[in-house]
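User: Could you take a close look at the ligand site in this one and walk me through what surrounds the ligand? I'd like one connected answer.

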Amino acid sequence: MSFTRPTALVTGASSGFGLLTSIALAQKGYQVIASMRDLSKSERLLKQAEQAGVITAIETMALDVTIQESIEQAVSDIMNMYGRIDVLINNAGFAVGGYVEDVPMEAWRSQLETNVFGVIATTRAVLPHMRARKSGCIINVSSVSGLSAFPGYAPYSTSKFAIEGFSESLRLEMMPFGVRIVLVEPGAYQTEIWRKGFEAIHTTESSPYWSGLSKMLDYSKRASATAPDPQEVAHKIAQIVDSPRPKLRYPLGRGVKMGLRARSLLPWKWYEGLLNRLLK
Ligand SMILES: NC(=O)c1ccc[n+]([C@@H]2O[C@H](COP(=O)([O-])OP(=O)(O)OC[C@H]3O[C@@H](n4cnc5c(N)ncnc54)[C@H](OP(=O)(O)O)[C@@H]3O)[C@@H](O)[C@H]2O)c1
């Protein structure tokens, strides 16, 4: 069956960027498959879609990016129902915080399982369909933490740096097939990722890293409390998907471009000095 409206698959659509991007894409005329690992969390999205007048353009679907069968089932169902996948937004993710020595291996593996292998597996499932049609756009939601790393967030930065390399390679591989690969790199925005991360932070008061981590957490709590509206990111993503020649990277958010410029222009010692002063 072939469906005339372009379709977009969004992962992690139960909240934050995923939820808002699903609505923004529906408003642009996409048939959106808003996927989430727990469908009982779909109420908020459906309510907001109703208010925005796009409820008929959004279908929720179960998809846990850490389970191969779940990915394959979702992609196969979409192909059967709509006959095409034009856009994939690899958005699902979370942030493991804690100093390297304090974070158990299990948490490291779980971070990479979702943020890295989840993106790779979902992308691989969608690629044959985009390749066959010689068109498509895949947006990988990375982070400024994929370009610049802070203490206390090594697992998260490791995962996002990996996505940066993955996307650079894939973009070149897919150019001859007309499939566009893009990285969106937000700084801090007000979504639930912060609360979830703070609640699950890996440390104890007896840790030798307690004082350093506490300073980092104070800084993060201030940054997240005053962070901009995530709608900004959703609108940008909805713009990028329709661009015939998108850039590879879209760093977004308050102070992000300036920080990245400082990182690339300053001698490394000065840059580290700046970071240390910021976190004091
Ligand atoms: N907010 C920021 O400041 C910020 C900055 C830079 C990058 N990002 C990135 O933006 C993306 C979205 O995060 P957000 O800020 O919107 O946070 P969020 O509101 O916590 O949303 C994260 C989404 O990912 C889902 N998810 C987690 N593990 C999953 C899995 N195994 N399979 C499917 N879905 C899964 C969550 O589902 P559950 O509700 O079931 O947990 C949730 O829907 C992430 O990749 C994050 O790293 C966020």
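Analyst: Start with Ser14: a polar atom in its side chain sits 2.7 Å from an oxygen atom of the ligand. Ser15 does much the same job of reaching over, with a side-chain N or O atom 2.7 Å from a ligand oxygen. Tyr189 uses its backbone instead, placing a polar atom there 2.9 Å from an oxygen atom of the ligand. Keep in mind that this is a predicted model.

As for cover, the ligand on its own would expose 890 Å², and the protein buries 97% of that. The elements that each put two or more residues into the shell are H1, helix H5 (154-174) and helix H6 (193-199). H6 gives the largest share, three residues. Altogether 29 residues surround the ligand, and the ones that come nearest are Ser14, Ser15, Tyr156, Thr191 and Lys196. Sorted by class, the shell holds eleven nonpolar, twelve polar and six charged residues.

Since H1 is on that list, here's a quick look at one of its residues. Thr21 is part of H1, which covers residues 16-27. Thr21 counts as buried because its relative accessibility is 1%, and the cut-off is under 20%. Its side chain reaches the backbone oxygen of Phe17 at 2.6 Å. Beyond its neighbours within four places in sequence, Thr21 touches Ile89, Ala234 and Ile237. Ala238 is 217 residues away from Thr21 along the chain, yet their C-alpha atoms are 6.9 Å apart.

Terms used:
Residues are numbered from 1 along each chain as its sequence is written. This is a predicted model: local features need pLDDT of at least 70, side-chain atom pairs count only at pLDDT 80 or more; totals for chains, interfaces and linings use all residues. Side-chain values use heavy atoms; hydrogens and water are left out. Helices (H or I, at least four residues) and strands (E, at least two) are DSSP runs, numbered from the N terminus. Buried means under 20% relative accessible area, exposed over 50%, partly exposed in between (1.4 Å probe, protein chains only). Contact means heavy atoms within 4.5 Å. A polar contact is a pair of N or O atoms within 3.5 Å; within protein, one must be able to donate a hydrogen and the other to accept it, and residues adjacent in sequence count only if both atoms are side-chain atoms. A residue is near a molecule or strand if one of its heavy atoms lies within 4 Å of it. Accessible areas come from the Shrake-Rupley method with a 1.4 Å probe; for residues, only the protein chains shown count as cover. Ala, Val, Leu, Ile, Met, Phe, Trp, Tyr, Cys and Pro count as nonpolar, Asp, Glu, Lys and Arg as charged, and the others, Gly among them, as polar.
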